[in-house]
Amino acid sequence: MSPSRTPPPDSGSAATSAAAAARNTDSGAAHLPGGPPPDPPSQKAAHAQALAAAMPFNANKPLEHGHDNALRPQAGQAVQPLSSAATASTLSEEINSQKAGGMAMPGLNATIESLDRVRVDSGGQRLTTNQGVPIADNQNSLKAGLRGPALLEDFILREKITHFDHERIPERIVHARGSGAHGYFECYEGIPQFTKAAPLREGGKITPVFVRFSTVAGERGSKDTARDVRGFAVKFYTDEGNWDLVGNNMPVFFIQDAMKFPDLVHAVKPEPHHQMPQAASAHDTFWDFVSLMPESTHMLMWQMSDRAIPRSYRMMQGFGVHTFRLVNEAGDSVFCKFHWSPVLGTHSLVWDEAVKISGADPDFHRRDLWEAIEAGEFPEWELGLQIFTEEEAEAFSFDVLDATKIVPEELVPLTPVGRLVLDRNPDNFFAETEQVAFCAAHVVPGIDFTNDPLLAGRIHSYVDTQITRLGGPNFHELPINAPMAPVHNNQRDGMHRQAIHRGRAAYEPNSLGGGCPFQAGASAGFMTFPQRVEQDKVRGKPEKFADHYTQATLFFESQTPTEQAHIAAAFRFELSKCTVPAVRERMVASLVNASPLLAQQVADGLGIPVPPALPRALAQPAKPEVMHSHALSLTARPGDGSVRTRKVALLVADGVQGEQIAAIQAALLAEGAVGRLVGPRIGPFRTAEGETMEADASMENEPGFLFDALVLPDGAEGVELLSADAHTEQFIKDQYQHGKTILALGASARLLAEARIPETLPSGDADPGVLRGVAENFESTIEAFVAALARHRHPAREIGALVADAAPA
């Protein structure tokens, strides 16, 4: 479409010279003529002059100075223009086209609309180049003759190959391997007495979110079930901008100051001379570092515990790690720690199980999250806050600014404030999960920082990382990162800029843009809490930071005997991988300060005597308020008691009693669990009743350790065939060794005997996870099986050696 020509004013009129001047961009008249502007260019000039004249000086300038003004910044000056032309980049904005569109809607930044604006569905559409040119042949490159050389002029081939060559972006240095989903946060009851943060102000408020879970140490292609910290990052798309709560599944960290973060990551990454091991801390450089950093001891307890190998992203806690501030409308502040608690409970893998899963399905956690959401079993967490005053914090025996410390829940209980639900998988992993950019500095009014020195470094580090990873400073304009709140500022240009700003004023204060966008002022904008700072500028740590072992002791002694045994085994495994004996000995010497019992168990497994304890940085730490915290044990968080999303293997073969298997599968489905038919091969099997059952998995492609429980079928013929299959015995043994529930129906008791699976615990009590079922009492058998499955695992089996391993062949 061609723009209509602006007609000149009547020849000889007084306004002619002004109209001519208005058509130039390199100079202007000293004064504009009075009277109505004769044409659009003159009107633009006149209205721009009026807009600028309406702001003869910066009235806010005197209010930028002094302490009182700093606490109450005023809203910026703003003047309403006489017409939209006064602030327009161009008069031609009224010319509409299919590509350019029309004029910007007043106050609208369309780059932060919902993701619908960038979704693509190619159904029924022809193939094109990136420039929209239809492609006639996508099978062959352009050649000089059928057997001739490829031609350089083949722009279609060059575009396709060039894009393919650049389909990967630099991966995150840490948290490279992750998986994410969309969802929402719903506030239970507002807590305006503590914070004015948009998601927490009023009950029933719904805030969209995107959540990404991740491992920390491994590369993007590493396995899901490595022993590692898990990232738990939540991006809230609030009414007042994006808030990123970027945390982990453990509430503490290895170091106290961001100055040490590069050292930590360099130590835990594969050793630089041979790039091994991948996604593992079991090597010399990591243990050399942490054994020289005793403040890491508390975090090591968490990392060597079962928390480091979660059963599912959906079954792990999340923490903000640091102490944050909450600020209300009156400017009052309290301290806060954030806790996410999964509705399904906090559950884990055992080490042997995790190792085996990593070989059979390195995408175990990613697949689990995707499949649950696709099935409508939406993961859910409750957000709880620990809220306390600065005065209360000063009285604690530990320093809340120390990221290696927790605030025990017995000291400050959790206040439930809302729930997080993930209900939509991404449409495209790269565009959403890979390109999502979290930043600890992204907060909204009502959320503020404390002086935690580790948090201070994160505030800066994340932005630098995203600029490098996503190709420039405009990563916030990628659809997954764009806020839902309006974005208006004077940032311009840079690589990959998406927003097309109208007008010529890209600075503040201005009068040529009517003063817009103007600062929001204290009543509507983000205000940093005015904490008084009157101390020397120094490099150092507070004295309370020197207590490196008290909370490590608290964590270990709060675990059940089984959990303590797992921690000791993890330390033995990891330290045995070190090739330098002195590193092992130093680490064990550090553990003596946390738990002499643990140090002894680790030393015994390493074949060394327990060394003398390392010197403590603080000889006489303060007496702790809490000596034992049940909340630190996984057993304290069993979840809602349901079996939803649990996966159960139902073994089948020709001749099994199919009606029983079908009944159990239906009962599991009714409870929200998934009963999967697993046979010696995939495909159809004939049941004893003459019906057909279709197995969609085999014992070969879906080993037993991938399931949460096992059902062995009745039917003499079917049991005979399963007994003859070499996979069956190991399938059963893995289930038993990993503490899973096993139900043996009728004739399949033979399979338990062949696998040497006892039905009693080492204590002599009946094993609640090994059940026998008969046809006469089948309904109660199913009920007992579901109840046993809800317990997740039966750790009492681990006391003593497995009978199956101890018995003679």
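What follows is a short chat about a predicted model.

Biologist: How many disulfides does a search of the whole structure find?
Modeller: Zero.

Biologist: And what is a disulfide, again?
Modeller: A covalent bond between the sulfur atoms of two cysteines.

Biologist: Take C439, then. Which cysteine sulfur is nearest to it?
Modeller: That of C336, which is 19 Å away. A disulfide needs the two sulfur atoms within 2.5 Å, so C439 is in no disulfide.

Biologist: Is C439 buried or exposed?
Modeller: C439 counts as buried, because its relative accessibility is 0%.

Biologist: What about C578, buried or exposed?
Modeller: Buried; the relative accessible area of C578 is 1%.

Biologist: New topic. How many residues of helix α6 are buried?
Modeller: Six of the eight, so the helix, residues 284-291, is mostly covered.

Biologist: Which ones?
Modeller: D284, F286, W287, F289, V290 and S291 are the buried residues in α6.

Biologist: And what covers them?
Modeller: Several helices are involved, including α5 (261-268), α7 (297-303), α14 (561-576) and α15 (581-594).

Biologist: Now L414. Where is that?
Modeller: In the loop between α10 (390-395) and β9 (415-424).

Biologist: How much of L414 is accessible?
Modeller: Its relative accessible area is 25%. Buried would mean under 20% and exposed over 50%, so L414 is partly exposed.

Biologist: Which residues does L414 touch?
Modeller: Leaving out residues up to four places away in sequence, L414 touches H339, G384, L385, Q386 and E409.

Biologist: And how far apart are L414 and P56?
Modeller: They are 358 residues apart in sequence, and 54 Å apart in space from C-alpha to C-alpha.

Terms used
Residues are numbered from 1 along each chain as its sequence is written. This is a predicted model: local features need pLDDT of at least 70, side-chain atom pairs count only at pLDDT 80 or more; totals for chains, interfaces and linings use all residues. Side-chain values use heavy atoms; hydrogens and water are left out. Buried means under 20% relative accessible area, exposed over 50%, partly exposed in between (1.4 Å probe, protein chains only). Helices (H or I, at least four residues) and strands (E, at least two) are DSSP runs, numbered from the N terminus. Contact means heavy atoms within 4.5 Å.
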